[in-house]
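Welcome! Work through these exercises with the structure open beside you, and try each task before reading its solution.

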Amino acid sequence: MSIEAALQQRAEEMAPALAEVVRGAAERVPGFAARLAEAGTDVEQVCGSPGLGALPVLSKDDLVERQRTEPPHGGLLAAEAQVARWFQSPGPLYEPQLVDADWRWGQALGDLGVGPGDVLLNCFGYHLSPAGAMLEQGARSVGASVVPGGIGNQELQARAIADLGVSAYTGLPSYLKALTEHFDKAGLPADRWRLERALVTAEPLPDSLRALLSERVPHLRMAYGTGETGLLAWEPAGEEPGQGLVLADGVDVQVCAIGTGEPLSDGTEGEVVISLLRSDYPLIRFGTGDLSGWMLGPDGSLRLRGVLGRVGQAVKVKGMFLHPRQVTAVMDGVPGVRDYRFVIDRLDHVDQLACHVVADGAVAEEELTSSLTTRIREGLRFRTEVRVVDYLGEGDGPVVDRRDWS
């Protein structure tokens with residue numbers, strides 16, 4: 001089967017559910033009806049021919065702007081929808097967790113072999129951002145017990161691994177590496193390391209780090225999802241890495257040409273565009289900003305090639321997005337600063353964020369670095385090393401400069 005044939009088959013399978021969602025959303029959600037009108041299209045075109053491609057891609061920046069002008073959800077939530085939690089991602093972008101929402105992470109965890117009897121340490125954040133709640137829901141859906149580790153207190157988390165018999169992990173791959181180091185540094189008995197399965201996401205997993213982690217965690221798999229949409233795809237268990245990411249059930253995934261939004265039906269690289277199957281929160285044709293492409297797996301199934309980069313200027317730091325727009329909101333007009341640039345390096349598989357500042361002499365250097373460190377932590381939710389420099393050097397211009405994606 002070709003990629004085009006596999007895409008056609010999946011489209012036919014998804015069509016009835018998508019049509020139901022689109023029709024229901026047009027009736028129930030004013031913001032979605034407005035999107036149709038703005039695009040000069042209607043329900044029949046989106047549900048029939050030319051299909052979803054008749055609706056322009058909704059970018060993350062578009063969604064932020066809609067929420068800004070019509071807070072908190074940009075008119076994209078049905079009046080009767082029941083929200084269990086609100087999350088706030090950088091932007092700010094508000095993401096509702098509906099009462100009966102399924103973020104699908106249990107599909108990947110179940111495939112990995114996590115289930116009843118497992119104790120899973122969840123090392124994603126639980127405050128404001130959705131990742132912690134998402135992965136906990138996935139773990140609970142397959143019957144695992146959860147240790148809500150979050151981010152930080154690595155010494156205590158290493159002790160919990162030993163004391164609670166932790167057998168599974170969700171979080172960043174770099175954070176898992178740090179936990180192995182803290183476990184060993186604490187002198188905990190080797191036979192109390194029972195962690196055998198890990199689902200990692202939100203960061204690169206280069207071969208060197210994968211090999212290092214696999215020495216301690218024999219069943220290690222990468223997954224792909226977003227805070228707005230949940231799980232989208234993952235590396236299947238029982239296969240060697242590099243065979244592509246299988247698609248999650250219950251969500252529509254497209255790879256679309258950058259700029260036009262036209263769905264691609266071959267292996268060409270494009271933006272991952274998602275449609276959720278909910279008429280009360282119709283996030284339809286949502287552009288994730290991630291680049292990928294189609295491929296076929298060894299079994300002939302349709303798969304994503306992985307996350308190949310980003311569209312636009314936003315970058316990830318320790319699993320969280322950082323956009324130049326956020327940076328300028330925090331940094332513009334700060335007394336004592338003539339120019340600045342944020343620089344992201346990767347040292348020993350861990351992101352390092354620094355703010356290089358050219359001072360104008362109006363504020364003492366020690367006072368400037370101290371005040372900026374606090375301002376950046378509060379405004380961007382990142383801990384940052386502030387360095388006062390004489391000049392920004394080669395490549396000055398970008399507000400955020402990612403030095404190393406590997």
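**Exercise 1. The open sheet**

Find in what order the 4 strands of the open sheet lie, and which strands form its edges.

*Solution.*
- Step 1: Strands here are DSSP runs of E with at least two residues, helices are runs of H or I with at least four, and both are numbered from the N terminus. Two strands pair if DSSP finds at least two bridges between them.
- Step 2: Reading across this predicted model, the order is 10-11-12-15, with antiparallel pairing.
- Step 3: Strand 10 (251-256) and strand 15 (309-310) each pair on one side only, which makes them the edge strands.
- Step 4: Strand 15 runs antiparallel to strand 12 (residues 286-292), and 2 bridges join them. Look for Asp290, whose bridge partner in strand 15 is Arg310.
- Step 5: Helix 1 packs on this sheet and touches strand 10 and strand 11 (270-276). Touching, or contact, means heavy atoms within 4.5 Å. The direction of helix 1 makes about 115 degrees with that of strand 10. Such angles run from 0 to 180 degrees between N-to-C directions, using lines fitted to C-alpha atoms, for helices over the stretch in contact.

A word on the ground rules: residues are numbered from 1 along each chain as its sequence is written. Local features need pLDDT of at least 70 and side-chain atom pairs pLDDT 80 or more, while totals for chains, interfaces and linings use all residues; side-chain values use heavy atoms, leaving out hydrogens and water.

**Exercise 2. Following strands 5 to 9**

Trace the chain from strand 5 to strand 9 and say which neighbours run parallel and which antiparallel.

*Solution.*
- Step 1: Strand 5 (residues 168-171) and strand 6 (residues 197-200) run parallel, joined by 4 bridges. Within this pair, Tyr169 has Ala198 as its bridge partner.
- Step 2: Helix 8 (residues 173-185) completes a right-handed β-α-β unit with strand 5 and strand 6. Right-handed means that, with the strands pointing away from the viewer, the path from the first strand over the helix to the second runs clockwise.
- Step 3: Strand 6 and strand 7 (residues 219-226) are also parallel, with 4 bridges; here Leu199 has Arg221 as its partner. Strand 6, helix 9 (residues 207-214) and strand 7 make a right-handed β-α-β unit.
- Step 4: Strand 7 and strand 8 run antiparallel, with 4 bridges, and form a hairpin with 3 residues between them. Gly225 stands opposite Leu231 of strand 8.
- Step 5: Strand 8 runs antiparallel to strand 9 (residues 245-247) through 2 bridges, and Trp234 stands opposite Val246.

**Exercise 3. Inside or outside?**

Decide whether Ser129 and Glu196 are buried, partly exposed or exposed.

*Solution.*
- Step 1: Buried means under 20% relative accessible area, exposed over 50%, and partly exposed in between (1.4 Å probe, protein chains only).
- Step 2: Ser129 sits in the loop between strand 3 (119-122) and helix 6 (131-141). Its relative accessible area is 10%, so Ser129 is buried. Not counting residues up to four places away in sequence, Ser129 touches Phe87, Gln88, Met320 and Arg381.
- Step 3: Glu196 belongs to the loop between helix 8 and strand 6. Its relative accessibility is 42%, so Glu196 is partly exposed.
- Step 4: Strand 8 (residues 230-234) offers another case: 5 of its 5 residues are buried.

**Exercise 4. Cores and rings**

Identify which residues touch the most other members of the largest nonpolar core, then classify the ring pair of Phe87 and Trp103.

*Solution.*
- Step 1: A nonpolar core is a set of buried Ala, Val, Leu, Ile, Met, Phe, Trp, Tyr and Cys residues joined through side-chain atoms within 4.5 Å.
- Step 2: The largest has 93 residues, and Phe32, Tyr169, Trp294 and Leu304 touch the most other members. Helix 1 (residues 3-28) gives the most to this core, with 8 residues.
- Step 3: Another core, of 22 residues, lies apart from it and includes Val317 and Tyr340.
- Step 4: Rings of Phe, Tyr and Trp (its six-membered ring) pair if their centres lie within 6.5 Å; planes under 30 degrees apart are stacked, over 60 edge-to-face, and the rest tilted. This rule gives 3 aromatic pairs.
- Step 5: Phe87 and Trp103 have ring centres 6.2 Å apart and planes at 55 degrees, so their pair is tilted.
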